[in-house]
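Let's take a walk through a protein model together. Keep the picture open and turn it as you read, so that you can find each spot for yourself.

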Amino acid sequence: LKAKTDERLKAYKDASAKMILEEGIPGKQENQLQELLRRLDEEKQNETSAAGRGNGSPDAMEDTEVPEGGETGLLLDYQLHEDGSYGFSFSPSAKKAAGEIMRALPCCPRCHKRLPLGWNNKDIEDFYSISLLSSTGEGKTSFLLAMMEKKWRRLGAISSNLYVYPAHIIDDDHDQYRSLENQSEKMCQDHGECPPPTPNGYVKINPVFLRVQYEDQNRILHNMLLGIYDNSGEVLRAMNPGDNRIQMLLNMNAIIYFIDPKNMKVELPAETARQRKARVEANLLDTIQKQGEFQRENRRIRARGEELLREDREMVQSTRQEKESPFALYRDFRNATMTADPEMLDRNKRFMKKQHLCCTIIKSDLLQESPQMREIPHMTELFTRDPEYNYLDEDIQYAREQIVQEVCSQFVFSRREMEIMEKDMKSVSWHCISSLGCGTEEIRPLVFRLKGRFDPIRVEEPLVICMRNRFRENGWEEQE
């Protein structure tokens, strides 16, 4: 790749020239890294054989015929590093300066981003991919950052036989994960600052990778790599079938589909009369001049005692036109898989039938004061912050899913829409979580912060269910 001219170098801060070793066809063709290593091994073996015949001296090497396609007869040595990269240096017989002269990094063949730590390790038994699906501003990135708090401590606390680690190399070229860590630290605190919207301009998705270790009932340790893909809401809303970021959705093992309460058929709490009048009083304490200006601009606001004493929240219900159908994005995703080619259509349907779908009501803290929600039996169970180990209690999970399904059937989806999702996918689970545990307020354009304490409501639940499903598919865990 030529320095400063090749578009693919935008994946790196350092835009110097780089060489791409192309992928191969599994089982049929070796990739170019495998070919390079094989040739180096063969040349080293030839050099050793020649030395055994007395022809391997440095002087004799000068008379060695240059291999076809090569420029010199110099030999390279290589070493596999812990991060999965290969370092290359001149062999001693080359009479060149010692030290690494080149490094081969395992990268995605499409976007050239670094693959996760352990990608080449023989102990990795599985790769599991999850995509986050929702429109703009509905909490995908906040969900991810809440999970990342203190190096994914919420997932690590689930069970004594489950271990979760970040699987990223933090270097100058690939600092996206470091940026997410910084955003997580800023958000995951009382009155923390929320992340900005995911830019539509990103050419590729920057996945987050985890290394998951699970010890089964026979005390055998299994290793899996987990990838979480946070796509731009604008890209998802456009749902262009020709966009490879949309095509990628079919290759996911699971999809976490977020539902924003603002699009549900419920009333949500607005600003209380007491809060509104508090703003009036704050202005009345200002200077006489500003007080007069405020009164002229707000003549219609009257502070009545009965409103100040009333504790009930005002409720606001968006009109039907303002609400976006929670099923709309799923329908668009489904339609994007449709094609006139019968073979391709059959392939897409088979791909979807292998996926798990987590239907997840996010920002559940907004629903606690809704009068419609109070009519749902046992609805308080949706807002409990359970000890982490309860996620592995199937009776608790089943009971809670039944409540969420009832909420979805009344206020989110039609019965027909729920049947379509259950028919399309391999399996569907139902969740009601909150990434923050409190509301947010805009402090400057497009910048929001938490109104109170950072206290998520079972934010890890969808990921835990996805992992548990995969453990069972792999035979690592028996179903109760």
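**Starting in a loop**

Find lysine 363 first: this residue sits in the loop that runs between strand E11 (356–361) and helix H12 (394–411). Before we go further, keep in mind that what you are looking at is a predicted model. What is the phi angle of lysine 363 near? Phi is near 60 degrees here, a positive value in a residue that isn't glycine. That's worth a second look because most residues other than glycine have a negative phi. As for its surroundings, lysine 363 counts as partly exposed, at 26% relative accessibility.

Now hop over to another lysine. Lysine 151 also has a positive phi, near 60 degrees, and again the residue is not a glycine. This one lies in helix H3, which covers residues 140–156. Is lysine 151 buried or exposed? With a relative accessible area of 55%, lysine 151 is exposed, because the cut-off for that word is over 50%.

Next, let's look for rings. Searching the whole structure turns up 11 aromatic pairs. One of them joins phenylalanine 127 and phenylalanine 209: their ring centres are 6.3 Å apart, the planes make an angle of 55 degrees, and the pair is described as tilted. Why does this pair tie together parts that are 82 residues apart in sequence? Phenylalanine 127 belongs to strand E4 (residues 124–133), while phenylalanine 209 belongs to strand E6 (residues 208–215), so the pair connects parts with that separation along the chain. The two partners have their own surroundings: phenylalanine 127 is partly exposed at 26% relative accessible area, whereas phenylalanine 209 is buried at 6%.

Rings can also join up in a bigger group. Tyr257, Phe327, Tyr330, Phe333, Phe413 and Trp430 are linked by ring pairs into a cluster. Hold on to Tyr257, as this residue comes up again in a moment.

Time to hunt for empty space. Rolling a probe the size of a water molecule over the atoms shows where empty space is left. In this model the count comes to 2 cavities of 30 Å³ or more. Let's visit the second largest cavity, which has a volume of about 80 Å³. Which residues line it? Among them are Ser134, Ser135, Glu138, Tyr257, Phe258, Ile259 and Asp260. So here is Tyr257 once more, because the lining rule takes in residues with an atom within 4 Å of a cavity point. The largest share of this lining comes from strand E8 (residues 254–259), which supplies 3 residues.

From the inside, move out to the surface. Tyr163, Tyr165 and Leu221 make a nonpolar surface patch of about 260 Å². You can find tyrosine 165 in strand E5, residues 162–166, and this tyrosine counts as partly exposed at 39% relative accessibility.

Now for the charged side chains. Side chains of opposite charge can pair when their charged atoms come close. How many salt bridges are there? The count comes to 27. Try glutamate 35 and arginine 39, whose side chains meet at 2.9 Å, N to O. These residues are 4 apart in helix H1 (residues 32–52), which means that about one helical turn separates them. Both ends can be reached from outside to some degree: glutamate 35 is partly exposed at 25% relative accessible area, and arginine 39 is partly exposed at 45%.

Another salt bridge joins arginine 453 to aspartate 455, with 3.6 Å between the closest N and O atoms. Arginine 453 counts as exposed, at 56% relative accessibility. Compare that with the bridge between glutamate 461 and arginine 458, at 3.0 Å, N to O. Are these two buried or exposed? Glutamate 461 is buried at 1% relative accessibility, and arginine 458 is buried too, at 2%. Elsewhere, salt bridges with shared partners join Asp126, Lys426, Arg470 and Glu473 into one network.

Let's finish at cysteine 438, in the loop between strand E12 (427–432) and strand E13 (440–444). Cysteine 438 counts as buried at 14% relative accessibility. Its C-alpha atom is 7.9 Å from that of proline 456, a residue 18 positions away along the chain.

Conventions:
Residues are numbered from 1 along each chain as its sequence is written. This is a predicted model: local features need pLDDT of at least 70, side-chain atom pairs count only at pLDDT 80 or more; totals for chains, interfaces and linings use all residues. Side-chain values use heavy atoms; hydrogens and water are left out. Rings of Phe, Tyr and Trp (its six-membered ring) pair if their centres lie within 6.5 Å; planes under 30 degrees apart count as stacked, over 60 as edge-to-face and the rest as tilted. Helices (H or I, at least four residues) and strands (E, at least two) are DSSP runs, numbered from the N terminus. Buried means under 20% relative accessible area, exposed over 50%, partly exposed in between (1.4 Å probe, protein chains only). Patches are made of residues with over 30% relative accessible area and no salt bridge: like charges are joined within 9 Å, nonpolar side chains (Val, Leu, Ile, Met, Phe, Trp, Tyr) within 5 Å. Accessible areas come from the Shrake-Rupley method with a 1.4 Å probe; for residues, only the protein chains shown count as cover. A salt bridge is a side-chain nitrogen of Lys or Arg within 4 Å of a carboxyl oxygen of Asp or Glu. On a 1 Å grid over the protein atoms alone, a cavity is a set of points where a 1.4 Å probe fits but cannot get out, and a pocket is an open set with protein on both sides within 12 Å along at least five of seven lines; lining residues have an atom within 4 Å of a point. Grid points are joined across faces, edges and corners, and a volume is the space filled by probe spheres set on the points.
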